[in-house]
Amino acid sequence: KENGFYLLRDGTIDTNIVYFGLPEGCTLNKEEFTQRLSSEYGIKVTGGYSSGGKLYRAVTHMQVDDAMVDRAIEGIIAVAKSS
């Protein structure tokens, strides 16, 4: 939230699935955002969720530790802010 991202349920997360929307002013389209995350950071997210198609989904698994989650968050913020 502090970086302008939209988070469902005010950021409350109960599972290993996180949905988020890009900050207002981010000019990257869905394909550009997901491709850059993958190529620059090795992060794979999917987009096009919600009625307006503006939400992205990130899912972790048991082998993902806190440091990996922090790196993913940093990559998502960096790519979104670079537009």
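**Figure 1. Helix 1 in this predicted model spans the length expected for its residue count**. Helix 1 covers residues 30-41, and its 12 residues should span 16 Å at 1.5 Å a residue; the end C-alpha atoms are 16 Å apart, which agrees. The expected span here is 1.5 Å times one less than the number of residues. Helices are DSSP runs of H or I with at least four residues, strands are runs of E with at least two, and both are numbered from the N terminus. As a guide to all the views, residues are numbered from 1 along each chain as its sequence is written, and side-chain values use heavy atoms, with hydrogens and water left out. Because the model is predicted, local features need pLDDT of at least 70 and side-chain atom pairs count only at pLDDT 80 or more, while totals for chains, interfaces and linings use all residues.

**Figure 2. The buried face of helix 1**. Which residues of helix 1 are buried? They are Phe 33, Thr 34 and Leu 37, where buried means under 20% relative accessible area, exposed means over 50%, and partly exposed lies in between (1.4 Å probe, protein chains only). Seen down the axis of helix 1, these buried residues fall within an arc of 90°, so they line one face of the helix; the arc is taken from the directions from the helix axis to the C-beta atoms. An α-helix has 3.6 residues a turn, so residues three or four places apart point the same way. The buried residues of helix 1 pack against strand 2 (17-21), strand 4 (55-59) and helix 2 (66-81), with contact meaning heavy atoms within 4.5 Å.

**Figure 3. The two ends of helix 1**. At the N-terminal end, Asn 29 acts as the cap, with a side-chain oxygen 3.0 Å from the backbone nitrogen of Glu 31. Such a polar contact is a pair of N or O atoms within 3.5 Å; within protein, one must be able to donate a hydrogen and the other to accept it, and residues adjacent in sequence count only if both atoms are side-chain atoms. After helix 1 comes Gly 42, whose phi is positive, near 70°.

**Figure 4. Thr 34, a buried residue of helix 1**. With a relative accessible area of 19%, Thr 34 is buried. Its side chain reaches the backbone oxygen of Lys 30 at 3.0 Å, and a polar atom of the Thr 34 side chain lies 3.3 Å from the backbone oxygen of Glu 31. Leaving aside neighbours within four places in sequence, Thr 34 is in contact with Ile 43, Val 45 and Tyr 56.

**Figure 5. A salt bridge along helix 1**. How many salt bridges does a search of the whole structure find? It finds 1, counting a side-chain nitrogen of Lys or Arg within 4 Å of a carboxyl oxygen of Asp or Glu. Glu 40 forms a salt bridge with Arg 36, and their closest N and O atoms are 2.7 Å apart. The two residues are 4 residues apart in helix 1, so about one helical turn separates them. Glu 40 counts as partly exposed at 41% relative accessibility, and Arg 36 counts as partly exposed at 22%.

**Figure 6. The open sheet of 4 strands**. The strand order is 1-2-4-3, with antiparallel pairing. Strand 1 and strand 3 are the edge strands, each pairing on one side only. Two strands pair if DSSP finds at least two bridges between them. Strand 1 (residues 6-7) joins strand 2 through 2 bridges, with Phe 20 of strand 2 as the partner of Leu 7. Strand 2 and strand 4 are joined by 5 bridges; among them, Phe 20 pairs with Tyr 56 and Val 18 with Ala 58. Strand 3 (residues 46-49) meets strand 4 over 3 bridges, including Gly 47 with Tyr 56 and Tyr 49 with Leu 55. The hairpin of strand 3 and strand 4 has 5 residues between the strands, and Ser 50 there takes a positive phi near 90°.

**Figure 7. Helix 2 and its two faces**. Helix 2 has 16 residues and reaches 23 Å from its first C-alpha to its last, close to the 22 Å expected at 1.5 Å a residue. Its buried residues are Gly 75, Ile 76, Val 79 and Ala 80. Seen down the axis of helix 2, they fall within an arc of 120°, so they line one face of the helix. The face turned away from that buried side carries the exposed residues Asp 66, Ala 67, Glu 74 and Lys 81. Strand 2 and helix 1 are included in what covers the buried residues of helix 2. Asp 65 caps the N-terminal end, with a side-chain oxygen 3.2 Å from the backbone nitrogen of Ala 67.
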